[in-house]
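Please look at the sequence and the 3D structure shown here. The questions below cover cysteines, aromatic rings and a strand.

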Amino acid sequence: MDTQKITESLSKIFHTEGHRIVFWYDQDQEFLDTFQSLDLDDIKLVNLSEESLLEIKVRLELEDLDSKYLLYSPTQEPEPEKDWLLDIKLYSRPFHADKASILLNELKLQKQSMRAHLNERKKFFNSRDRVNRLKKLVSTDDREQDIDLKILSVLTRSEQAEIFHILMKLFGEMCVDRDCDFKSPTKSWTEIEKFGMAPFFWEQMTKAFGYNVESPSLSDLLIRLLVNDFDKNFRGDIPGSLSHFLLNDKTLATNASVFVSQWRSNLTHFRQYGIISSEIAKELRLDEHLINCTEECLLDVMTFEVVERQVIRSLRTKITQGDLQKPATLKTAILRRKDGHWTTIQLDEYGNNGNIYATTYNALESTLDLLTIRQKYDAGFSFASAKDMYQAYTNELFKFDQLYRLFHEDADKVELAGFDIIKDVQTVVESCYSGWYLDQISMNWGSFLEGENGLLEHWSIPDVNKQQDFFVHNVKPVLKSRPNSRAFVIISDAFRYEVAEELTREVNSKFRFKAMLSSQLGVLPSYTALGMASLLPHREYGYKEGSDQVLVDGLPCSSLDQRGAILSKHNGIAIRATDLLAMSKNEGRELIRDWRVIYIYHDQIDSTGDTASSEGQAFSAARKAIDEISSLIKIVVNNLNGSNVFVTADHGFLYQDTPPSPLEKSALTYKPEGVAKAKKRYILGRELGESEKAWHSSTSKTAGTNDDMEFWIPKGINRFHFAGGARFIHGGALPQEIVEPVIHVRELEGKTAQKEAVKQVGVSLLGSNRKIVNYIQKFEFIQTEKISEKMEARTLVVSLRDGEQLISNEETLTFDSSSDSMEDRKRVVKLMLQKGSYDNKKEYSLTLRDPKTQIEYERIPLTIDLAFINDF
């Protein structure tokens with residue numbers, strides 16, 4: 001060490017740190033000449049070998065109390081009992097000029113005993129970059145183990161000098177892009193060995209996890225940690241081919257599971273975890289070992305992605321084999337897995353299809369719900385009147401159509417991602433929907449159509465408005481309510497009732513919006529030209545003589561401009577939805593400024609389903625329709641100040657994913673005279689006569705037209721022909737086609753908005769015990785309100801923490817029960833405490849956080865007292 005550096009170090013001790021007396025022992029007399037040449041300005045230099053120690057003592061303590069002294073001795077430091085200056089040393093500062101001592105000073109370490117330890121690590125300290133990075137981590141009271149952990153942190157560039165984070169970085173280096181090599185040494189591991197830190201690292205692995213093998217390696221450690229996490233959450237005995245990887249110390253094995261859980265939930269490292277764990281699963285041939293495992297055994301296992309596939313296989317098998325004695329049990333398993341790791345992360349390999357496992361579980365859940373409601377009506381449908389069946393459809397039966405749509409919407413995504421795992425489930429769904437439900441509803445509803453008193457003669461349902469009276473019943477009252485009030489009407493082509501029900505729930509989940517769903521009896525035949533005309537304001541409407549063209553008050557109404565002309569007579573305007581969506585706020589306001597009635601025409605479902613090449617996308621079109629109409633409502637309310645918005649449809653639709661069979665074709669042996677229009681689900685004409693293959697009536701009876709236009713519609717779900725698309729149809733009389741939705745959306749203000757705002761359900765911890773006495777602890781929570789129109793689900797991440805420090809695994813719980821039973825609304829979570837020392841007088845916490853915002857829902861104080869189990 002040169003004179004300049006010694007001068008700088010001593011000046012810092014005297015002037016920056018403020019010490020008056022500094023002792024410097026130089027046993028080897030290495031720095032005798034350096035001492036004699038020092039120039040420290042106001043510092044008095046004393047060579048103790050040349051002075052009387054008694055005289056020095058008197059001078060320092062009695063005669064010269066203001067001067068600063070550097071006391072140098074070219075000898076070994078004396079033993080305390082022989083040291084004349086011991087009492088002075090107690091308030092002075094020692095100085096050493098060797099490299100370890102300089103490091104000690106530079107790192108601001110208080111313990112002089114650390115010099116020897118730093119000297120052993122001198123190879124690491126040869127780099128100024130490494131020293132500077134270490135300085136940012138070091139605390140003045142650090143001891144040998146603390147320094148070594150921080151050296152490992154520097155070498156691995158981990159976020160924290162903590163063994164879990166160091167391991168995450170070490171394992172993460174095994175990945176390059178989406179490739180993984182867990183058998184070759186990584187760059188960081190090579191440096192750990194190079195700087196002699198491997199023995200310390202393995203000591204820490206023994207302390208943390210009980211990992212103590214004859215020939216330790218990172219790859220072996222990795223396998224054992226993952227297998228132990230698998231075992232910790234597996235219900236039963238794991239496959240024998242994996243048991244030799246288990247760690248002997250069960251408590252420390254819990255620590256392994258805590259680490260693995262924290263690793264896969266870490267926002268920085270979860271992608272590498274996915275790649276590495278998949279590679280280990282292949283190495284272990286885990287899929288072969290899981291082939292006979294049921295979802296009960298694997299319910300809580302989140303270690304490997306391959307587990308997710310086996311759980312889905314097991315659920316699929318039970319559904320396809322009809323093992324549904326307790327469908328609620330399978331539903332519970334699905335909900336548990338939907339909260340798990342592999343369903344809540346972005347799986348890059350599946351592109352933009354969302355999380356493919358979550359999508360698959362959604363499809364299975366829709367299947368279970370469909371089969372559950374099917375069991376409720378196992379004896380078939382039986383209703384006393386058309387009104388009863390109509391109400392049953394709007395109250396519950398629509399769910400058959402909705403669940404069928406939701407299943408296929410998700411199943412299509414699964415198929416696009418290359419999964420064929422639920423193909424067999426689709427057969428079950430088709431059997432239930434196409435093979436049972438459609439037959440039941442068409443047969444039962446058909447019984448109310450025929451006869452002198454049937455609906456075809458008297459097209460009305462008590463207490464249900466008719467579609468042709470929409471303007472009178474809905475729009476006029478709004479216009480009369482206030483002189484300057486406006487009514488906005490969104491008409492979506494083929495927007496059937498069950499889709500509208502989902503939209504209503506979606507709108508009601510937004511602050512300041514209140515949506516109310518009702519229905520009206522649609523016109524028959526249920527097709528666009530007649531349905532759209534019926535929704536316009538009119539004194540009368542009907543067909544042009546000798547044509548199938550519909551006229552409203554004598555005016556044509558098929559195009560947007562023609563409808564606009566009709567609306568203009570009622571202070572109204574017609575707009576395409578696509579045009580409004582593209583407008584700025586000012587453009588929209590300028591367009592509607594002079595009008596009180598604004599009809600917005602939307603076409604997503606019908607334009608997709610009515611074309612043979614795209615009819616298979618009808619359900620994805622329904623999803624787009626929900627999204628687009630939701631956007632339209634927000635634009636109307638927020639940009640155009642619309643306080644009253646109506647959403648309705650011209651007609652509904654029927655859709656079967658499986659193409660219809662020849663039995664569903666009502667082939668006509670002859671074409672009647674007077675036909676004006678012939679489609680798959682209806683024939684329009686005059687003087688059509690009767691047919692045993694069709695229902696016969698007139699639009700004057702079923703749509704309130706002012707003419708003698710007649711129609712035939714095939715019975716049940718049949719078609720007259722299969723030309724063009726045949727899976728997506730409308731025009732007939734089934735509830736899916738003629739139960740038309742009417743959603744009334746209002747903007748809420750002030751206290752009303754607060755009162756009506758949708759809130760998330762509350763969650764409370766059950767039990768009064770707030771003490772943890774085991775490394776594995778179960779907590780039971782209850783959802784305090786059921787899911788309803790004003791209460792939506794809440795998802796929380798549950799963990800144990802010491803302040804902000806995570807000391808357990810993290811588990812996700814979703815509280816989304818709509819049951820009235822408190823028992824059904826309970827959820828249980830198992831948390832594993834990280835091995836360590838816990839103060840039984842200190843307050844720790846059970847934390848519940850929103851997984852998206854990280855906002856804490858609740859922090860519940862508790863104590864940790866492991867004294868009992870630590871005694872044994």
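Q: Which cysteine sulfur is closest to the sulfur of C297, and why is there no bond?
A: The model is predicted: local features need pLDDT of at least 70 and side-chain atom pairs pLDDT 80 or more, while totals for chains, interfaces and linings use all residues. Residues are numbered from 1 along each chain as its sequence is written, and side-chain values use heavy atoms, with hydrogens and water left out. A disulfide is a pair of cysteine sulfur atoms within 2.5 Å. The sulfur of C297 is too far for a bond, at 5.5 Å from the closest cysteine sulfur, which belongs to C293.

Q: How many disulfides does the structure hold?
A: The cut-off for a disulfide applies here too. With it, the number of disulfides in the structure is zero.

Q: Is C432 buried or exposed?
A: Buried means under 20% relative accessible area, exposed over 50%, and partly exposed in between (1.4 Å probe, protein chains only). C297, at 22% relative accessibility, counts as partly exposed. C432 has 4% relative accessibility, so C432 counts as buried.

Q: What kind of aromatic pair do W24 and F35 form?
A: Rings of Phe, Tyr and Trp (its six-membered ring) pair if their centres lie within 6.5 Å; planes under 30 degrees apart count as stacked, over 60 as edge-to-face and the rest as tilted. A search of the whole structure finds 44 such pairs. For W24 and F35 the centres are 6.4 Å apart and the planes stand at 80 degrees, which makes the pair edge-to-face.

Q: Which parts does the pair of W24 and F35 tie together?
A: Helices (H or I, at least four residues) and strands (E, at least two) are DSSP runs, numbered from the N terminus. Both W24 and F35 are buried. Because W24 lies in one part and F35 in another, 11 residues apart in sequence, the pair ties together strand β1 (residues 21-25) and helix α2 (residues 32-36).

Q: Which residue of β3 stands opposite F23?
A: Two strands pair if DSSP finds at least two bridges between them. β1 and strand β3 (residues 68-73) run parallel and are joined by five bridges. Opposite F23 in β3 stands L71.

Q: What is the bridge partner of V22 in β4?
A: β1 also pairs with strand β4 (residues 93-95), in the parallel sense and over three bridges. V22 points one way from β1 together with W24, and I21, F23 and Y25 point the other way. In β4, V22 has as its bridge partner R93.
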